[in-house]
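Biologist: Hey, can you walk me through this protein? I'm new to reading structures, so plain words please.

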Amino acid sequence: MTTVALIVAAGSGSRSGSAAPKQYASVGGRPMVAWSHAALSAHPAVDRVIVVIGEGQQAQLAAAVPGAEWVTGGAERRDSVRAGLDAAAGAMRVLVHDAARPFVPLAVIDRLLAALDHAPGAIPVLPVADTLVAADGATVARETLARVQTPQAFDAATLARAHAAWEGGAATDDAQMVRALGLSVAQVEGDMMLDKITYPADFAAAAARVGVETRSASGFDVHRLEDGEELWLGGVLIPHHQGLSGHSDADVALHAITDAVLGTIAAGDIGTHFPPSDPRWRGAESGQFLSHARSMVEARGGRITFVDLTLMCEAPKIGPHRAAMQVRIAELLGLSTDRVSVKATTTERLGFTGRGEGIAAQAVATVTLPGGFVA
């Protein structure tokens with residue numbers, strides 16, 4: 001059964017306090033719409049995800065979710081859903097989701113789709129915990145009420161028919177349209193993660209729900225010592241009768257740190273981004289490699305918090321240059337020097353480093369990333 005998810009993201013979000021439409025504002029280091037798009041795309045039962053955007057928002061969507069399939073919506077939510085349904089023609093089931101609810105637990109999608117085996121529509125709901133009163137102060141029985149969330153799941157043909165037949169004016173969700181046909185809509189357990197972002201204070205609450213994830217990764221590199229080469233270590237030019245040989249400036253320390261930083265976001269290694277076969281990087285200063293890795297972490301909303309570097313060599317002596325290396329590495333990573341550890345050791349004259357043939361470096365990087373929330 002073909003299942004298409006529609007993310008309704010055509011609104012202006014005027015109450016959110018965001019300068020841009022709120023669906024493109026950052027939540028926990030990612031554009032809001034990117035969260036729900038990633039979750040819906042990851043569900044094995046969802047075949048397509050279509051984002052319904054406002055007029056002229058193509059560039060904003062492309063920046064938030066590169067390659068996302070989209071269609072332009074209308075002035076009202078109902079118009080946008082209709083545009084999405086037209087784009088999803090041929091689907092058997094459809095999920096309709098509001099972009100203002102960025103976090104979509106996959107278990108909720110499971111419950112919604114299972115409910116479609118017995119009903120033409122299904123919605124996630126949560127009980128109302130607060131005491132409620134009407135405008136005149138009379139208490140309302142909360143036991144008869146529930147909080148409705150999205151995504152909402154429907155038989156696609158039924159939802160299209162409900163939209164075509166609707167004459168009730170502005171509709172706050174699609175389930176009421178299906179009920180207007182005299183059909184039942186099942187209710188499944190919702191999730192607090194699906195709370196809607198409406199007001200400025202909601203962004204901080206959403207960021208707290210995302211959580212923070214800490215990751216560490218290691219990097220290792222080796223370069224040969226040769227006559228006639230400059231010796232760059234940790235971004236510092238060190239006087240020595242030999243230097244390290246490599247396609248770039250062969251700064252083994254920065255290369256190891258770069259690989260460690262790239263490892264924290266599973267982004268390959270230094271050769272993936274700066275291939276030795278590319279003449280652009282011949283003799284290149286290795287600080288730009290590390291700056292690139294830092295920018296990739298920051299693009300994910302992450303932050304490098306600590307690096308630990310160990311250099312392995314018989315010569316030169318690292319101690320006199322340790323402080324300068326700490327300062328340069330800290331500059332490249334935007335850290336204070338107390339977050340950069342530089343150590344050195346020998347291999348007791350064993351192996352290629354012990355024979356003075358080369359220098360090895362091992363590094364560990366620690367980063368924090370938004371997204372402790374796992375769908």
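Modeller: Sure, and keep in mind that this is a predicted model. Let's start with one residue, L311: leaving aside its neighbours within four places in sequence, L311 is in contact with L233, V252, A253, I318, M325, K343, A344, T345, I359, A360 and A361.

Biologist: Okay, so which residues have the most contacts inside the largest nonpolar core?

Modeller: Those are L233, I257, L309, L311, I329 and I359, in a core of 40 residues. So L311 shows up there as well.

Biologist: Which helices and strands each supply at least two residues of this core?

Modeller: On the helix side you have α8 (252–264), α10 (287–299) and α11 (322–333). The strands are β14 (231–233), β15 (236–238), β17 (303–312), β18 (340–345) and β19 (358–370). The largest share, 8 residues, comes from α8.

Biologist: And what about a second core, which residues does that one include?

Modeller: It is separate, has 29 residues, and I7, L95, V104 and A115 are among them.

Biologist: Why would residues like that gather inside?

Modeller: As a general trend, nonpolar side chains in soluble globular proteins tend to be buried together.

Biologist: Back to α8. Is H255 buried or exposed?

Modeller: H255 sits in helix α8. Its relative accessibility is 6%, so H255 counts as buried, the cut-off being under 20%.

Biologist: What does H255 touch?

Modeller: Not counting residues up to four places away in sequence, H255 touches D221, H223, S248, D249, A250, I270, S286 and F289.

Biologist: Switching to the other end of the chain: how many residues of helix α1 are buried?

Modeller: In α1 (residues 32–42), 8 of the 11 residues are buried, so the helix is mostly covered. They are M32, V33, A34, W35, S36, H37, A39 and L40.

Biologist: And α3, what do its buried residues pack against?

Modeller: First, the buried ones in α3 (residues 77–87) are R77, S80, V81, A83, G84 and L85. They pack against the strands β1 (3–9), β4 (48–53), β5 (69–72) and β6 (93–98), plus the helix α5 (156–165).

Biologist: Let's zoom out. How many helices and strands does the protein chain have?

Modeller: There are 12 helices and 19 strands. The chain's radius of gyration is 28 Å, well over the 21 Å that the globule rule gives for 375 residues, so the chain is more spread out than a compact globule. Its C-alpha trace spans about 85 × 45 × 35 Å along the principal axes.

Biologist: What percentage of the 375 residues is buried?

Modeller: Buried residues make up 49%. As for the outside, the chain exposes about 17000 Å², with carbon and sulfur atoms supplying 53% of it.

Biologist: Now the odd bits. Where are the cis peptide bonds you'd point out?

Modeller: One joins T150 and P151, with omega about 10 degrees. P151 is in the loop between β10 (146–148) and β11 (152–155). Another joins A315 and P316, with omega about 5 degrees, and P316 lies in the loop between β17 and α11.

Biologist: Which residue has a positive phi although it is not a glycine?

Modeller: A266 is one of them, at about 55 degrees. A266 lies in the loop between α8 and α9 (270–273), and with a relative accessible area of 70% it is exposed. R349 also has a positive phi, about 65 degrees. R349 is found in the loop between β18 and α12 (351–354), and at 62% relative accessibility R349 counts as exposed.

Note on methods. Residues are numbered from 1 along each chain as its sequence is written. This is a predicted model: local features need pLDDT of at least 70, side-chain atom pairs count only at pLDDT 80 or more; totals for chains, interfaces and linings use all residues. Side-chain values use heavy atoms; hydrogens and water are left out. A nonpolar core is a set of buried Ala, Val, Leu, Ile, Met, Phe, Trp, Tyr and Cys residues joined through side-chain atoms within 4.5 Å. Buried means under 20% relative accessible area, exposed over 50%, partly exposed in between (1.4 Å probe, protein chains only). Helices (H or I, at least four residues) and strands (E, at least two) are DSSP runs, numbered from the N terminus. Contact means heavy atoms within 4.5 Å. The radius of gyration is taken over C-alpha atoms; the globule rule is 2.2 Å times the number of residues to the power 0.38. Accessible areas come from the Shrake-Rupley method with a 1.4 Å probe; for residues, only the protein chains shown count as cover.
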